[in-house]
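Work through the following exercises with the sequence and the model at hand, and compare each step with the solution given below it.

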Amino acid sequence: MTPSADPRARAALPSFMAHPLAWLLALAALHVLARLLLSPAPKWDEAEQVLWSQRLALGYGAQPPLYTWLQWGMNQLLGVGVLSLAVLKHALLVLTYVAMWLAGRELLGPRGAWWAAASMVLLPPLGWDSVRDQTHSVLVTAMACAAWWLLLRTVRQPRPRHFALLGLVCGLGLLAKYSFALLAGALLLAALSVPEARRALRSRGWWWAPLVALLVVLPHASWLAAHLGEASAGTLQKMQLQPGAGLAKGLRALLVDGLASTLALWVALALAAFGAAWWRRPLTPAAPWAHRLFLRYLALVLLALLALVLFGGVTSFRGRWVLPLLCMLPLAAFAARPELQQHPGGARFTAAVVAVTLAILLVAGLRPWVTSFRGHTDELNHPAVELAAALRQAGYDGRSPVIAADHMMAGMLRLRFPAAPVAACPPEAGAVAACVARLAAQAQRAGQGWLLISRADRLDPGWWTQARAGLAPPVAAEAVQSLALPFHMVPDGAPPARYQYLWHPAQARP
């Protein structure tokens, strides 16, 4: 019998408002409200989604398409705006915590399952970074938690529908972020190495899992095969590959930037709350087979990450990369020590989780002010409403295509002008002149004008020279107009936001 069957662990919940889900939904609503009140300008990853979600496609550059598909659907429901961005993000965060709670209920009582799920707020890449500005990492973590829940449930109750759901989640995980393949591979190998799990995975209907996963992934896989370089270039650049030359740098990045930055806060607070109870007595896992599964999965993941350093030359790691791989660690720890559910230190741990949760909400609401007082401006400090009004006053009609120097500028203007097609021609994509020439020519053929625009706080020095070179007939540098508007939420006397633009109205047809 698992601890979840223990009547002592099933404390009656008097009402919905006493259930953790109610408080989780309330917290998500507060974050959405704070985001709406904070700024009408998008954050970096938000702007990317605003830009990409103008259309449905099988692929969007370096990232799989699932998050953008979901954002496109949310835009149809709520309109293009900060509300749709925030609702989708925090709905996925709610799904992440609920999925881990469900995974915990397969092995633990309500208290232990709550700790396993709530512990993830103590993993900074999820607790803070996902609130600050993440998209694909939030989605893939939600799929990772759902995969753990469905695997544990399938081992305990092997049913064809459980296999189908597990395949669906794994397929969606691959469409969320390509790194999910590492998680899925380690999970499968670990499960096949545990006799109880191996028997369950060979039960009637097992074939539903690979079939459903294949059907989900196949359309995007066809696109990926034709765009492999485009899809992998950005990720490889971020990993800073230095084969044979960056071993020490890679190991340090893995230990500090990857593992420690993800786990240190949770480990510190769990030790402070439960102390020596973590090791004073021999282990009595909630389910020995699950304990072995967790340990073997962790061993496989750590070996794979180490191999990336030793043989792949990876010298850069980020907490959000390892988050989906390690988000199950609090569950594994509490499942290894189910007796902690009755430990008096549980109240301290719960208080620590609540305190960190409230601190994150507060800091998220104050972030633009904090950033500006440190001498930097944030994307949220941009005067999006005032910029849109100034452009309209200069003659922009709000419908003609916008060509921006970076995707943040493009996303910000699409939020203000949702009827306008928006595109970006950033220097890192190369061929700025060709990009501008193509988009301006498209607008001209459609009988439309076009707006070329940049922001000074993120502008390559040669961008305007290249952009003007793509226009026909050529445009003199003097034709480019400038705007200076005060940043929001900055100290008095701070330099203004500066923009440059060129508005080319539609030409009357003869």
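**Exercise 1. Locate M489 and describe its backbone, then turn to the peptide bond between A472 and P473.**

Solution. M489 is found in the loop between β4 and β5, where helices (H or I, at least four residues) and strands (E, at least two) are DSSP runs numbered from the N terminus. Although M489 is not a glycine, its phi is positive, at about 55 degrees. The peptide bond joining A472 and P473 is cis, with omega about 0 degrees, and P473 belongs to the loop between α22 (463–469) and β4. As background, most residues other than glycine have a negative phi, and most peptide bonds are trans.

The model is a predicted one, in which local features need pLDDT of at least 70 and side-chain atom pairs count only at pLDDT 80 or more, while totals for chains, interfaces and linings use all residues. Residues are numbered from 1 along each chain as its sequence is written, and side-chain values use heavy atoms, with hydrogens and water left out.

**Exercise 2. Set out the strand order of the open sheet of 5 strands and identify the edges.**

Solution. The order is β2-β1-β3-β5-β4, with mixed pairing, two strands being paired if DSSP finds at least two bridges between them. The edges are taken by β2 (422–424) and β4 (481–485), each of which has a single partner strand, so one side of each lacks a neighbour in the sheet. On average, neighbouring strands are turned by 25 degrees against each other, direction ignored.

Next, follow the pairs that involve β5. Strand β3 (residues 450–455) runs antiparallel to β5 (residues 497–504) and is joined to β5 by 6 bridges; L452 has L502 as its bridge partner in β5, and S454 has Q500. Between β4 and β5 the pairing is likewise antiparallel, over 5 bridges, and here L483 stands opposite Y499 of β5.

**Exercise 3. Characterise the disulfide of C425 and C435.**

Solution. A disulfide is counted when two cysteine sulfur atoms lie within 2.5 Å, and by this rule there is 1 disulfide. The sulfur atoms of C425 and C435 are 2.0 Å apart. The torsion about their S-S bond is about -75 degrees, and the disulfide is therefore left-handed. C425 sits in the loop between β2 and α21 (432–445), whereas C435 is in helix α21, 10 residues apart.

**Exercise 4. Describe how α9 packs with α12, and how α8 packs with α10.**

Solution. Begin with α9 (residues 160–176) and α12 (residues 208–226), whose axes come within 7 Å and cross at roughly 30 degrees; axes are lines fitted to C-alpha atoms, for helices over the stretch in contact, and angles run from 0 to 180 degrees between N-to-C directions. These two helices are therefore roughly parallel, the term for angles under 35 degrees. The contact (heavy atoms within 4.5 Å) includes F163, G167 and L168 of α9 and W208, V212 and H220 of α12. Its residues divide into 13 nonpolar, 3 polar and no charged, where Ala, Val, Leu, Ile, Met, Phe, Trp, Tyr, Cys and Pro count as nonpolar, Asp, Glu, Lys and Arg as charged, and the others, Gly among them, as polar.

For α8 (residues 136–156) and α10 (residues 180–192), the angle is about 15 degrees and the axes are 11 Å apart, which makes α8 roughly parallel to α10. V140, M143, A144, A147, W148 and L151 of α8 meet F180, L183, L187 and A191 of α10, and the residues of this contact divide into 10 nonpolar, no polar and no charged.

Note on methods: Parallel < 35°, antiparallel > 145°, perpendicular 65-115°, else oblique.
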